[in-house]
Every structure is written in C-alpha cells, then in structure tokens.
Amino acid sequence: MARRWKNDLSAADVTPYGAFLNRRQLLAGAAGLGLATAARPVAAAAEGLEPNSWEEITTYNNYYEFGTGKSDPASYAYMLTTQPWSVTIDGLVDRPGDYSLEQILGEMTIEQRIYRFRCVEAWSMVIPWNGFELADLLEMAGVQDGAKYVAFETVLRREEMPGTRYPILDWPYVEGLRLDEAMHPLTLMATGIYDRPVPNQNGAPIRLVVPWKYGYKSIKSIVRITLTESEPPTSWNKANAREYGFYSNVNPEVSHPRWSQATERPIGGGLFARRQPTLMFNGYQDEVAAMYDGMDLSVYH
Ligand SMILES: Nc1nc2c(c(=O)[nH]1)N[C@H]1C(S)=C(S)[C@@H](COP(=O)(O)O)O[C@H]1N2
Ligand SMILES: [Mo]
C-alpha cells in the first residue's frame, strides 16, 4: 500500500514559485541553498514553501455548518462529536459497507503532504497535512467498471451544527470528483495537520484535500463516499451554478463573476502582505493538466 510521496516540489520548483517565498527565505536562498533557518524546516527543505502557522490554519476557516464567519468554526465546531466515526462506502464498489475510522486507518499509510490551499474567495494558505491517498481507500473498497464519479457527503447533525439551522446551503454538504481526479495521487484524505489530528474546525476526523481545486471541493467531516455513473450534485453548484461549476480547478484566467481570480491574498503575510499571483491549477499544472486536455476550462469551470 505504501506509496512514495512523488508530488512534493523539488528545489527546482523554487525559482518559478519565487513569489511564494517570504523575504527571509529569499535572503537565505540568495546566501546559498540549504542555509534557510526557517522555523519549519520540513517545508523549507522539501518545497521552499513555508506552511502557515497552526494558529492561522485553525482559526481562519470556512465550515458553514458552524456559521459563515471565518472564526465561527473555531468557536463552535467543538460541538461536533467525532468519536465513534465511520464512513459508508457504497455505490459501484465490490465491497460496500460502513468502514470504521479505525478499520480504515489500519489499512492506510499516513504521510505528510505540504500543499498550497486556494479558496475561491481568493485567499490562500500552505498547509502541512497528514493523510493517505484517496486512491488507496477506493482500491480497498474495489471500484467497479461502471464507476465514473465519486460523491462525498459531510456529516449532518443539526443539534451539533448550529449553522445548519439556516438554509445557507442545502445540507448536508456534498461534493464530487471525476474518478480520474479521485484516483490522482495528489488527492488526499487528510486525518492530520502538523502531525496532530485534524481539529474539528478543519474537518475532523477525516476530510478531502484536492490541492489544484478551489477549497470548497475539499469537503470536511466525511461520512459517505459513493461511486456513481453520473456526475453527482455538489453543494456550491446547487447554490449558484453560474458562479460555481463542478470542476472548480484553480484558474487565474477565469474570473469569478464577481471578482478576479488572477491574484490571491496569502493568509498570515502580515499587515503589508502583498497579493501574489495565482498559479494555474494552483501550481500543480504539471501533475494534473493532462486530465483536462481538450476541455474548455472556461466552460467546465
Ligand atoms: N462540509 C463542509 N466542507 C467544507 C466547507 C464547508 O462549509 N462545509 N467549506 C469549504 C471551503 S469554501 C474551504 S475554503 C475549505 C476550508 O478549509 P479549512 O477551513 O480547513 O481551511 O473547506 C471546504 N470544505
Ligand atoms: Mo473556499
């Protein structure tokens, strides 16, 4: 089951992503490679990307089941009970069933992945996830020939999720991927951040991370995964199809109807933080672009 982490960025990627380096790293880079004394050396060594702090990652969130304010999830998500937890895997699979989280974790190899994360609202972070490849989980369940898409569903417990009293979205939150996207080695099921369990506000105990797509595809607190033949409905598309398509690939050239996606605001950059250019497929173009060959990405947005 163990797979090598082959999609992290190498030193060669540092130059084109220079805009992502903070001043300290740029200075260290100029002084000679390998001399960076970043507070978080894993990221500096692996990618030239400095992850956001635990504080930033866990206090600036979108999790509308707990409210629409960025600090609401950190304030209210403690109300969600995450133990015991199981994920129903059904639809076009050989071994459908309710898989307990313990059962799943017993089969999977947890690795660290430091990914850029880009919200459709045009802010971004760098997050050091722990998790396993969704492909491994789907292989465990046995994907059948007719399956073409994967549908995901977030837990819905209205008594534990104050935001679900309001019809902001059609609860439960649902998302979907094409099967090839779901099987892509970059597609992660995250169970940790900074080697700690994923906190509730970030989608405990298990959430999806699809780093080349806008953040809303990365559905939290998953309780159901269904292999389907046709494209599944997705929450933001149902709420506003013109603004949010099924694919939702990060694309600086396709504006949101109400704002440009050409640049983004890095969270935690401080008072004088500059907006930075948004990268095609959030910087994962080499890995994922081939999946969309021949598709008009302004139509399939
Ligand atoms: N169930 C659920 N999943 C969700 C959301 C949500 O409101 N509910 N928000 C999405 C959006 S818009 C973003 S940007 C990311 C935010 O993840 P983070 O809070 O861990 O940074 O979660 C996504 N997953
Ligand atoms: Mo988002």
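**Exercise 1.** State how confident the predictor is in this predicted model, and identify where pLDDT stays under 50.

*Solution.* Step 1: the protein has a mean pLDDT of 88, and 84% of its residues reach 70 or more. Step 2: over residues 1-46, pLDDT stays under 50. For residues 1-46 the model has 68 contacts beyond four places in sequence. Step 3: where pLDDT is low, the predicted coordinates should not be read in detail.

**Exercise 2.** Describe the residues that surround ligand 1.

*Solution.* Step 1: ligand 1 is surrounded by 17 residues, and the closest are N61, Y64, E65, T154 and K220. Step 2: by character, this shell comprises eight nonpolar, six polar and three charged residues. Step 3: the space that ligand 1 takes is the second largest pocket.

**Exercise 3.** Determine which polar atoms of N62, T154 and R207 lie at a listed distance from ligand 1.

*Solution.* Step 1: for N62, a backbone N or O atom is 3.2 Å from a nitrogen atom of ligand 1. Step 2: T154 places a polar side-chain atom 2.9 Å from a nitrogen atom of ligand 1. Step 3: in R207, a side-chain N or O atom is 3.0 Å from an oxygen atom of the ligand. Step 4: of the 530 Å² of accessible area that ligand 1 has on its own, the protein covers 98%.

Definitions and conventions:
Residues are numbered from 1 along each chain as its sequence is written. Chains are lettered from A and ligands numbered from 1 in the order in which they are written. This is a predicted model: local features need pLDDT of at least 70, side-chain atom pairs count only at pLDDT 80 or more; totals for chains, interfaces and linings use all residues. Side-chain values use heavy atoms; hydrogens and water are left out. A residue is near a molecule or strand if one of its heavy atoms lies within 4 Å of it. A polar contact is a pair of N or O atoms within 3.5 Å; within protein, one must be able to donate a hydrogen and the other to accept it, and residues adjacent in sequence count only if both atoms are side-chain atoms. Accessible areas come from the Shrake-Rupley method with a 1.4 Å probe; for residues, only the protein chains shown count as cover. On a 1 Å grid over the protein atoms alone, a cavity is a set of points where a 1.4 Å probe fits but cannot get out, and a pocket is an open set with protein on both sides within 12 Å along at least five of seven lines; lining residues have an atom within 4 Å of a point. A molecule sits in a cavity or pocket if more than half of its atoms lie within 2 Å of its grid points. Ala, Val, Leu, Ile, Met, Phe, Trp, Tyr, Cys and Pro count as nonpolar, Asp, Glu, Lys and Arg as charged, and the others, Gly among them, as polar. pLDDT is the predictor's confidence in each residue, from 0 to 100. Contact means heavy atoms within 4.5 Å.
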